[in-house]
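Dear colleague,

Please find below the structure that I am handing over to you. My notes on what was found in it follow directly after it.

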Amino acid sequence: MRYDFYAYMDRMKYIRRWQLMRSERDENIMEHSQSVAMLTHALGVIRNEVFGGSVNVEKAVLYAMYHEISEVLTGDLPTPIKYYNRSIQSAYKDLERSAAEKMSEMLPTEMKGALTPYILADEESEEYKLVKAADRLSAYIKCLEELRSGNGEFEKAKKSIEDDLHSRGIPEVEYFFEHFIPSFELTLDELEGL
């Protein structure tokens with residue numbers, strides 16, 4: 001029997017983000033998912049080690065790894081459309097859930113129990129909340145990259161995302177901004193102290 005799950009997952013590299021904006025460097029959902037997984041790991045470690053929390057970091061990272069899985073079937077709907085009104089937002093959320101369920105069905109029965117809980121994440125969990133914050137952080141870092149390249153197209157997005165992140169009142173995000181974000185605005189020579 002043939003299972004298409006991983007072949008579809010591999011196609012994440014063909015799905016472009018930021019479709020309505022001119023980008024100096026294209027970003028696909030595969031690399032975005034890796035970025036979000038790394039940032040989720042950082043936020044989870046910060047929560048547990050700096051702020052004495054108890055989130056399941058491994059679970060959070062796995063949620064992050066699969067958080068864009070529906071887009072291999074739906075594509076990446078641009079944010080202004082996705083959030084245009086509540087009706088569209090709700091319909092798209094249902095579509096994403098259906099696509100994620102369809103992806104889960106592409107797994108052998110023996111594997112579904114191990115992967116489906118991450119494909120169909122518990123969106124009310126603390127772990128998933130970290131994923132959503134990391135998702136926004138990843139978008140913010142993309143804006144910084146584009147602005148560093150002289151692309152003013154991302155100025156408004158940077159401000160909007162930064163305001164959103166700070167409005168969430170998440171200590172881990174504030175810690176990340178204070179200790180890590182400044183480095184993203186440096187050139188390689190500046191990072192190396194040259």
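Glutamate 68 is in contact with Met12, Arg17, Ile29, His32, Ser33 and Asp135, once its neighbours within four places in sequence are left aside. Please keep in mind that this is a predicted model. The residue sits in the loop between helix H3 (57-65) and helix H4 (71-74). Its relative accessibility is 7%, and because buried means under 20%, glutamate 68 counts as buried. Its side chain makes a polar contact with the side chain of histidine 32, at 3.3 Å.

One of the partners of glutamate 68 is arginine 17, which belongs to the loop between H1 and H2. Arginine 17 has a relative accessibility of 10% and therefore also counts as buried. Beyond its neighbours within four places in sequence, arginine 17 is in contact with Glu27, Asn28, Ile29, His32, Glu68, Asp76 and Ala139. Histidine 32 thus appears in the contact lists of both glutamate 68 and arginine 17. Arginine 17 and histidine 32 are 15 residues apart in sequence, and their C-alpha atoms are 8.5 Å apart in space.

Tryptophan 18 is found in the loop between helix H1 (5-10) and helix H2 (29-50). What is the sign of its phi angle? Tryptophan 18 has a positive phi of about 60°, although it is not a glycine. Most residues other than glycine have a negative phi. With a relative accessible area of 15%, tryptophan 18 is buried.

A further residue to inspect is glutamate 146, which lies in helix H8 (residues 126-148). Is it buried or exposed? Glutamate 146 has 1% relative accessibility, so it counts as buried. Its side chain reaches the backbone nitrogen of arginine 25 at 3.2 Å. A polar contact of 2.6 Å also joins the side chain of glutamate 146 to that of lysine 142. When neighbours within four places in sequence are left aside, the residues in contact with glutamate 146 are Arg22, Ser23, Glu24, Arg25, Asn151 and Phe154.

Arginine 86 offers a contrast in its surroundings. It is found in helix H6 (residues 86-105). Its relative accessible area is 75%, and since exposed means over 50%, arginine 86 is exposed. Arginine 86 and threonine 40 are 46 residues apart in sequence, and 27 Å separate their C-alpha atoms in space.

Finally, I turn to the chain as a whole. The protein chain has twelve helices and zero strands. A compact globule of 194 residues would have a radius of gyration near 16 Å, and the 17 Å of the protein chain agrees with that. Taken along the principal axes, its C-alpha atoms fill a box of roughly 55 × 40 × 35 Å. Of the 194 residues, 41% count as buried. The chain exposes about 11,000 Å², of which carbon and sulfur atoms supply 52%.

How are its contacts spread along the sequence? Among those between residues at least 6 apart in sequence, 69% join residues at least 24 apart. As for charge, the protein chain has 24 positive and 36 negative charges, and the mean positions of the two groups are 5 Å apart.

With kind regards

Key. Residues are numbered from 1 along each chain as its sequence is written. This is a predicted model: local features need pLDDT of at least 70, side-chain atom pairs count only at pLDDT 80 or more; totals for chains, interfaces and linings use all residues. Side-chain values use heavy atoms; hydrogens and water are left out. Helices (H or I, at least four residues) and strands (E, at least two) are DSSP runs, numbered from the N terminus. Buried means under 20% relative accessible area, exposed over 50%, partly exposed in between (1.4 Å probe, protein chains only). A polar contact is a pair of N or O atoms within 3.5 Å; within protein, one must be able to donate a hydrogen and the other to accept it, and residues adjacent in sequence count only if both atoms are side-chain atoms. Contact means heavy atoms within 4.5 Å. The radius of gyration is taken over C-alpha atoms; the globule rule is 2.2 Å times the number of residues to the power 0.38. Accessible areas come from the Shrake-Rupley method with a 1.4 Å probe; for residues, only the protein chains shown count as cover. Lys and Arg count as positive and Asp and Glu as negative; His and the chain ends are not counted. The place of a charge is taken as NZ of Lys, CZ of Arg, CG of Asp or CD of Glu.
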